[in-house]
Amino acid sequence: MRAVVFENYERFPSLTDVPKPEPGPGEVLLRVAGAGACHSDVSVYRHFKEGQVGAQKPPFVLGHENSGWVEALGPGVSERVRIGEAYMVYGPIGCGHCRMCAQGKDTYCENAATMPYAAVGLGRDGGMAEYVTVPAHHLVPLGDADPVDAAPLSDAGLTPYHAIKQALPHLEGGGRHALVIGLGGLGQIGVQILRALTGATVIATDVKAEPRAWAERNGAVTVGAGERQVEEIREITGGRGVDAAFDFVGITPTIATAAASMAQGGRLTVVGIAGGTHEFSFFTNAYESYITNTYWGTVGELWEVVDMYRAGQIRPEVERFTLDDALEAYRRLEAGEVFGRAVVVPHQS
Ligand code: NAD
Ligand code: ZN
């Protein structure tokens, strides 16, 4: 079968033929409906070096944001998993036996350091292919919802959902403000989730005008890039600052913008993995404000994200690519030419 393979560190992936996988014990074979191209893949093949935190040993098929139809069940899989039905894939795979995995938090597996891979499409073959195998208990049923538009939910939906859910206590009550920096795959869905779960005024920013216009249409107030950015954000909040900020870029300047925009007691979550740094001293931050990071989300939260999608509260903006054009999707993602999420659709019928 055709697949997008990450062959080696610091090398653009290739489109090549690999054997069709077979489901092992407890796994299912999925006919891939959609595989989202996440900006983290660019870090995987372009930036990470062997041994670095986050690096996954090549070669493997990319695609950690997947949906598909069950084609076959591996040994021991319950027939409650229905052949032919559409499911989302929860990507992270922990040891399955520690206290984090027991809570569905495979992302924070206590044995991650000794696991051979981190997730479907991160160290183990992913969904940028005609077929993929995944653990059966990592499936979330989609019912009759469109599985192609759903593909981004598995990361671009779940990651902002988890970050926002952790910050909800800061956004309770009237007169609250949330800041979203970076309106790409994750940031756009982040805006929709904030609008659906909170009454906060959502302030959104991106260097590009098109996603800012989209955010305005989706109920956010926007500010442009530029020197007056922090001042403009503070003006919108009546000078108080934002109660929660979500940085979906994560470079030093965006973290600085967010930190300078915080209200006292606010929570700043750095989600972007660009590796920006932030200086901390008694004098640099709003009093009793928090700065933290989050990684992906839990399988239980993916069920909630799918509920929001089925209720029409999350509507991913998707650009579809055939498997033959998958490398073009990555080229455009790197060039900043994708609006919303590029989703590879391996089967055209
Ligand atoms: P994307 O390429 O789809 O979107 C990035 C957006 O940020 C674009 O709209 C771009 O114009 C905007 N942007 C770039 N520089 C900016 C700046 N200086 N100020 C304002 N906006 C700016 O990327 P994505 O797939 O949404 O991923 C976003 C980040 O989140 C990446 O770093 C990715 O690796 C990371 N990520 C983290 C997790 C996690 O679990 N923490 C999960 C998935 C992705
Ligand atoms: Zn574990």
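Valine 61 is buried, with a relative accessible area of 4%. That value falls under the 20% cut-off for a buried residue. The model is predicted, and this residue is a good place to start reading it.

**Around valine 61**

Valine 61 sits in strand β4. Its contacts, leaving out residues up to four places away in sequence, include Ala3, Val4 and Val5. Gly121, Arg124, Asp125, Gly126, Met128 and Ala129 also touch valine 61. Which residue does valine 61 in β4 stand opposite? The partner is valine 5. Strand β1 covers residues 2-6, and two bridges join β1 to β4. These two strands run antiparallel.

Now widen the view. Three strands make an open sheet in the order β2-β1-β4, and the pairing is antiparallel. β2 (14-17) and β4 (60-61) are the edge strands, each pairing on one side only. Serine 14 is 47 residues from valine 61 along the chain, yet their C-alpha atoms are separated by 9.6 Å.

Just before β4 there is a cis peptide bond. It runs from proline 58 to proline 59, with omega near 0°. Proline 59 belongs to the loop between α1 (39-47) and β4.

**The zinc site**

Which residues are the protein donors of the zinc ion (ligand 2)? They are Cys95, Cys98, Cys101 and Cys109, each through its SG atom. The donors lie 2.3 to 2.5 Å from the zinc ion. Angles among the four donor atoms are 100 to 119°, and the site is tetrahedral. Along the sequence, the donor residues follow the spacing C-x2-C-x2-C-x7-C. Cysteine 95 and cysteine 98 are both buried.

**The annotated domain**

The UniProt record, an unreviewed entry, carries the annotation "domain: Enoyl reductase (ER)" for residues 14-344. Over residues 14-344 the chain is 27% helix and 24% strand. The end C-alpha atoms of this stretch are 14 Å apart.

**Helix α5 and its neighbours in sequence**

Strand β11 covers residues 177-181, and five bridges join β11 to β12. β11 and β12 run parallel. Within this pairing, alanine 178 has valine 202 of β12 as its bridge partner. β12 (residues 201-205) is mostly covered, with four of its five residues buried.

Helix α5 spans residues 185-197. How far apart should its ends be? At 1.5 Å a residue, its 13 residues should span 18 Å. The end C-alpha atoms are 19 Å apart, which agrees.

Is α5 enclosed or open? Of its 13 residues, 10 are buried, so the helix is largely enclosed by the rest of the structure. The buried residues run from Gly185, Leu186, Gly187, Gln188 and Ile189 to Gly190, Val191, Gln192, Ile193 and Leu194. In an α-helix, residues three or four places apart point the same way, because there are 3.6 residues a turn.

**Two positive phi angles**

Glutamate 288 and tryptophan 296 each have a positive phi without being glycine. The table sets them side by side.

| Residue | Phi | Loop | Relative accessible area |
|---|---|---|---|
| Glutamate 288 | near 55° | between β15 (262-270) and β16 (290-293) | 71%, exposed |
| Tryptophan 296 | about 50° | between β16 and α9 (299-310) | 3%, buried |

Glutamate 288 is exposed, whereas tryptophan 296 is buried.

Technical notes:
Residues numbered from 1 in each chain as written. Chains lettered and ligands numbered in written order. Predicted model: local features only at pLDDT ≥ 70, side-chain atom pairs only at ≥ 80, totals over all residues. Heavy atoms only, no water. Donors = N, O, S within 2.8 Å, 3.2 Å for Na, K, Ca; no water. Tetrahedral: all angles 85-135°; square planar, octahedral: opposite > 155°, others 65-115°. Buried < 20%, exposed > 50% of the residue type's maximum accessible area, 1.4 Å probe, protein only. UniProt positions renumbered as here; feature names shortened; annotations may be inferred. Expected span 1.5 Å × (residues − 1). Pairing = 2+ DSSP bridges. Contact = heavy atoms within 4.5 Å.
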